[in-house]
Amino acid sequence: MDKMIVGSGAVLNGEVAVSGAKNSALKLLFASLLAEGEHVFRNVPRLKDVESTATLLQSLNCQTDFEGDVFKVRVAKPGSFEAHYDLVRKMRASILCLGPLLAKYGQAVVSLPGGCAIGTRPIDLHLEGMKALGAEITLEEGYVKAKAKRLKGAPFLFETVTVGGTENVMMAATLAEGTTILENAAKEPEIVDLAEYLIRMGAKIRGHGTSVIEIEGVNSLKPAEFSVMPDRIEAGTLLIAGAITGGEVTITKAVPEHIESLIVKLRECGFKISATDRTVTVHPLKQCQAVDITTNPYPQFPTDLQAQFMALMCVAQGTSVISETVFENRFMHVQELTRLGADITPKSRVSVVRGKPGGLTGAPVMATDLRASASLVLAGLVAKGETTVSRIYHLDRGYENLENKLSSLGAKIRRSN
Ligand code: EPZ
C-alpha cells in the first residue's frame with residue numbers, strides 16, 4: 001500500500017494551481033442523471049472518488065469518458081435503479097444519486113452508507129426532504145427504497161444545515177410539480193455550483209447561496225456543459241502548507257472569497273495574506289501565533305480545513321482551542337499528530353493545542369481520513385527528520401497530485417510502496 005514520505009526543512013516558495021473541486025464535481029456528475037443525453041464537465045479532478053462515481057454511473061447504464069480534465073457522461077435510462085452497497089460503502093456521496101433517480105424515473109434503491117471515520121453521518125434529512133416532496137420511502141435490507149409517481153413541490157425546513165441533504169432535495173425538486181422552498185439550506189459554494197449547472201440544464205432555481213432556496217419544478221431538463229469550480233479546501237490546504245513552512249506561496253486558479261474564513265484566521269496568526277480575483281498569497285512570517293477556531297457551515301470556518309489548521313497550531317506560539325461543531329468524531333488526527341510530538345488534549349468536540357514552535361519530530365503515522373491525511377503531510381513538512389504517512393489512499397480520494405504540487409513548491413515529499 002502506498003505511503004507518503006515527507007522530509008523536513010524545506011521552505012515552500014512559488015505558485016501552484018488548484019484543481020476542480022471534488023465536492024462539487026461528484027454532485028454535478030450525479031445531477032447528470034436528471035437528463036438523458038451527453039453532458040460535458042470541464043476542470044474535473046482525477047481522484048479516486050471521481051472514479052467511484054464513474055463506476056456507479058456506469059452501473060446505471062451511463063457511458064463515461066474522462067480525458068484530460070474533461071469528463072463526458074452519456075446518460076440513458078437505467079436498466080435497474082439501484083446503487084449497490086459495494087459502491088456506496090466506498091463513497092458516501094453515492095447517496096446523491098437518490099434525488100435525481102427518484103425525480104427522473106420515480107424510483108431509486110440506494111444502499112444506506114453506514115458510519116464513517118468522522119462520525120455516524122445519518123441521511124435522515126435527505127429522506128425527510130424526499131418525503132416532504134411526496135416520495136414513499138422504506139428501509140429494507142440495508143437499502144433505501146424510494147418511489148413516487150411524480151414528486152410534488154413543497155416547503156421543507158432542514159433541522160440541521162446539511163450540504164448533501166440540500167443538494168439531494170434541490171436536485172429532486174427540479175422535476176417536481178410545483179414550487180419547493182428549502183429553508184435553513186446549506187450555503188456552501190458547491191451548492192451554488194450545482195444550482196448553476198441545474199439552471200443551465202433548464203431548472204428554475206433562486207436563492208442558492210442563501211439559506212432559502214426556491215425551486216420551481218419543470219417537466220424536463222436537458223444535458224449541459226459545465227466547468228467545475230476550483231477546490232477551496234485544496235486551496236486552503238496549500239495555503240497552510242506555505243504558512244507552516246514560513247514561505248511565500250501563491251495559490252492560483254482559486255476563489256479567495258471561498259476561503260475568507262481561513263484568510264481571516266491566518267491574518268490573526270500574524271501572516272500577511274494578499275489576494276486578487278483568482279489568486280491568494282501567504283507571505284513569510286518568522287513565528288505564527290496561536291488562535292482559536294470553531295468549525296461551522298459556510299461561510300464560517302470549514303470542518304474540512306480543521307485538521308490542516310490544527311497542524312499549523314501544533315507549531316504556533318501559544319495555545320489554541322479548536323472546536324469542531326459539524327462532525328462529532330473529527331479529531332482522529334490528534335493521536336497521530338501526538339506521535340509527531342504535538343501537545344494536544346482532545347475532549348469531546350474541543351481540542352486544546354499547546355503550540356511547540358520547532359517542536360515536532362518525524363515518525364511513522366497513519367492517515368484516518370482524507371483531511372487528517374493532509375494534516376499529517378503538513379505537519380511532516382516541519383517535523384525534524386522523516387515522516388512516513390501510511391494509508392494515503394485516503395489522500396488520493398480527494399487531492400489531485402498533492403505530492404507533485406508540494407514538490408513543485410520545493411517540498412521534500414515522495415510516494416513509496
Ligand atoms: C459534505 O458532507 C462534504 N462531502 C464533506 O466533505 C464536508 O465535511 C461536509 O459536507 C460539511 O461541510 C461532500 O461534499 C462529498 P453534511 P455531507 O450533510 O454532505 C448531519 C471531505 O473531507 N446530518 O453537511 O455528508 C451530519 O451528521 C468531506 O471532503 C444529519 O444529521 O455533510 C453532520 O453532523 C468529508 N442528517 C452535519 O449534518 C442528515 O441527513 C453536516 O453534514 C445529513 C447530515
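Let's start in a loop: Lys 253 sits between strand 15 (248-252) and helix 9 (260-268). This is a predicted model, so everything here is read off computed coordinates. The backbone at Lys 253 has a phi near 55°, a positive value in a residue other than glycine. Lys 253 counts as exposed, because its relative accessibility is 57% and the cut-off for exposed is over 50%.

There's a partner to this one elsewhere in the chain. Asn 184 also carries a positive phi, near 55°, and is likewise not a glycine. You'll find Asn 184 in the loop between strand 11 (179-183) and helix 7 (189-200). Its surroundings give Asn 184 a relative accessibility of 29%, so Asn 184 is classed as partly exposed.

While we're on loops, have a look at Pro 299, in the stretch between strand 18 (293-294) and helix 10 (306-314). The peptide bond joining Tyr 298 to Pro 299 is cis, with omega at about 10°. Which residues does Pro 299 touch once its neighbours within four places in sequence are left aside? Those contacts are Lys 187 and Ser 261. Going the other way along the chain, Thr 319 is 20 residues from Pro 299, and their C-alpha atoms are separated by 25 Å.

Follow that loop into helix 10 and the setting is a covered one. All the positions there are buried, 9 of the 9 residues, so helix 10 is largely enclosed by the rest of the structure. The buried set includes Gln 306 and Gln 308 as well as Phe 309, Met 310, Leu 312 and Met 313. Cys 314 belongs to that buried set too, and its relative accessibility is 1%.

That brings up the cysteines. How many disulfides does the model have? The count comes to 0. A disulfide is a covalent bond between the sulfur atoms of two cysteines. Cys 269 is in no disulfide, and the nearest cysteine sulfur, belonging to Cys 288, is 4.0 Å away. That pair doesn't qualify because the sulfur atoms would have to be within 2.5 Å. Cys 269 is buried as well, at 0% relative accessible area. For Cys 314, which is in no disulfide either, the nearest cysteine sulfur is again that of Cys 288, at 11 Å.

Now for the interior. In soluble globular proteins, nonpolar side chains tend to be buried together. Here the largest nonpolar core has 78 residues, and the members that touch the most others are Leu 33, Phe 41, Leu 151, Met 170, Leu 182 and Leu 198. Helix 1 (residues 22-31) supplies the largest share of this core, with 6 residues. Apart from this core lies another one of 68 residues, including Val 18, Ile 259, Val 334 and Ile 413.

Leu 151 makes a handy place to zoom in. With neighbours within four places in sequence left aside, Leu 151 is in contact with Leu 102, Ala 103, Met 130, Leu 133, Ala 135, Ala 172, Ala 176 and Glu 177. Leu 102 and Ala 103 are among the buried residues of helix 4. Helix 4 (residues 98-105) is mostly covered, with 7 of its 8 residues buried. What does the covering? The elements include helix 1, strand 7 (107-111), helix 5 (124-132), strand 9 (143-147) and helix 6 (163-173). Just after helix 4 comes Gly 106, with a positive phi near 75°.

Helix 1 is also worth a look for its packing against helix 2 (residues 48-59). Two packed helices are described by the angle between their axes and the distance between the axes. For helix 1 and helix 2, the axes come within 10 Å and cross at roughly 5°. That angle is under 35 degrees, which means helix 1 runs roughly parallel to helix 2. On the helix 1 side the contact is made by Lys 22, Leu 26, Leu 29 and Phe 30, and on the helix 2 side by Asp 49, Val 50, Thr 53, Leu 56 and Leu 57. Sorted by class, that contact has 6 nonpolar, 1 polar and 2 charged residues.

Helix 2 also holds Glu 51, which is partly exposed at 48% relative accessible area. Leu 157 lies 106 residues from Glu 51 along the chain, and their C-alpha atoms are separated by 33 Å.

Technical notes
Residues are numbered from 1 along each chain as its sequence is written. This is a predicted model: local features need pLDDT of at least 70, side-chain atom pairs count only at pLDDT 80 or more; totals for chains, interfaces and linings use all residues. Side-chain values use heavy atoms; hydrogens and water are left out. A nonpolar core is a set of buried Ala, Val, Leu, Ile, Met, Phe, Trp, Tyr and Cys residues joined through side-chain atoms within 4.5 Å. Buried means under 20% relative accessible area, exposed over 50%, partly exposed in between (1.4 Å probe, protein chains only). Helices (H or I, at least four residues) and strands (E, at least two) are DSSP runs, numbered from the N terminus. Contact means heavy atoms within 4.5 Å. Axes are lines fitted to C-alpha atoms, for helices over the stretch in contact, and angles run from 0 to 180 degrees between N-to-C directions. Angles under 35 degrees count as roughly parallel, over 145 as roughly antiparallel, 65 to 115 as roughly perpendicular and the rest as oblique. Ala, Val, Leu, Ile, Met, Phe, Trp, Tyr, Cys and Pro count as nonpolar, Asp, Glu, Lys and Arg as charged, and the others, Gly among them, as polar.
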